[in-house]
Amino acid sequence: MTVISPETLARFSADSPLFGFMGAAIALIFSNIGAAYGTGKSGMGISALGVTKPELVMKSIVPVVMAGVLGIYGLIIAVIIANAVTGVEAGMPSYSQFSAMAHFGGGLACGLSGLAAGMAIGIVGDGMARAAAEQPKLFVGMVLILIFAEALGLYGLIVGLILASKA
C-alpha cells in the first residue's frame with residue numbers, strides 16, 4: 001500500500017477533476033452560445049437582405065462562418081482540457097488543484113471571449129447585411145469590424161491554450 005505524505009495530499013482535492021471538467025464545459029457551452037447568437041442574429045439580417053437583393057445573400061454569409069468558428073475554438077479547448085483531467089492513478093491522486101484551476105480559468109477565458117465575440121459578430125453581421133443592401137461600399141469596412149470582433153474570440157483561445165499548457 002502506498003503512503004501519501006500530508007504535504008503531497010494537500011496539493012490534491014477530490015473536487016479538482018470537477019473544476020477541470022467545468023472548465024471544459026464552460027469553454028464549449030459559452031463559445032457555442034456566442035456562435036449560436038452570432039449565427040442567428042446575422043441570419044436575420046441576411047434573410048431581410050435576401051428579400052430585396054437575393055444576389056447579395058452569399059456575399060453576406062461571412063458573419064455566419066465567422067460565428068461558427070467560435071464554436072470550434074470552444075471545442076478545441078474543451079477537448080484539450082478534458083483529455084488532461086485525471087483522477088486516481090496507482091492509488092494516488094494525480095490531478096492537482098493548480099491544474100484544475102488552470103483548466104477552469106482557461107475554459108472561462110475561451111468561453112466568455114467566445115460569447116462576447118459572438119454577440120459582436122451577430123450585431124455587426126446583422127447591420128452589415130442590412131446596410132450592404134443599401135450601400136455596397138460599406139461591405140469592406142463592415143468585414144474589418146467583423147475581423148476585429150472575431151479576434152476577441154481568438155484572444156480567448158490563445159489564453160485558454162496557454163493556461164491549459166501550464167497545468
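This is a short talk on one helix, one surface patch and one loop residue in a predicted model.

Okay, confidence before anything else. The chain averages a pLDDT of 91, and 96% of the residues score at least 70. Going by element, α3 has the highest mean, 96, while helix α1, residues 6-10, has the lowest at 68. Where pLDDT is low, the predicted coordinates shouldn't be read in detail.

Now, on to helix α5. That's residues 138-166, so to speak our main character, with 29 residues. From first C-alpha to last, α5 reaches 43 Å, close to the 42 Å you'd expect at 1.5 Å a residue.

What does α5 pack against? Its buried residues sit against α3, residues 62-84, and α4, residues 97-134. Among those buried residues are Phe 139, Met 142, Val 143, Leu 146 and Leu 157. You'll also find glycines in there, Gly 153, Gly 156 and Gly 160, and a glutamate, Glu 150.

Then there's the surface. Leu 152, Leu 154, Tyr 155, Ile 158 and Ile 162 make a nonpolar patch of about 450 Å². Take Leu 152, which is found in α5. Buried or exposed, or somewhere in between? Leu 152 counts as partly exposed, because its relative accessible area is 39%, and that class runs between the 20% and 50% cut-offs.

Last stop, Glu 55, in the loop between α2, residues 16-52, and α3. Glu 55 is exposed, since its relative accessible area is 60%, and the cut-off there is over 50%. How far is Glu 55 from Ala 35, C-alpha to C-alpha? They're separated by 25 Å, and they're 20 residues apart along the chain.

Note on methods: Residues are numbered from 1 along each chain as its sequence is written. This is a predicted model: local features need pLDDT of at least 70, side-chain atom pairs count only at pLDDT 80 or more; totals for chains, interfaces and linings use all residues. Side-chain values use heavy atoms; hydrogens and water are left out. Helices (H or I, at least four residues) and strands (E, at least two) are DSSP runs, numbered from the N terminus. The expected span of a helix is 1.5 Å times one less than its number of residues. Buried means under 20% relative accessible area, exposed over 50%, partly exposed in between (1.4 Å probe, protein chains only). Contact means heavy atoms within 4.5 Å. Patches are made of residues with over 30% relative accessible area and no salt bridge: like charges are joined within 9 Å, nonpolar side chains (Val, Leu, Ile, Met, Phe, Trp, Tyr) within 5 Å. Accessible areas come from the Shrake-Rupley method with a 1.4 Å probe; for residues, only the protein chains shown count as cover. A salt bridge is a side-chain nitrogen of Lys or Arg within 4 Å of a carboxyl oxygen of Asp or Glu. pLDDT is the predictor's confidence in each residue, from 0 to 100.
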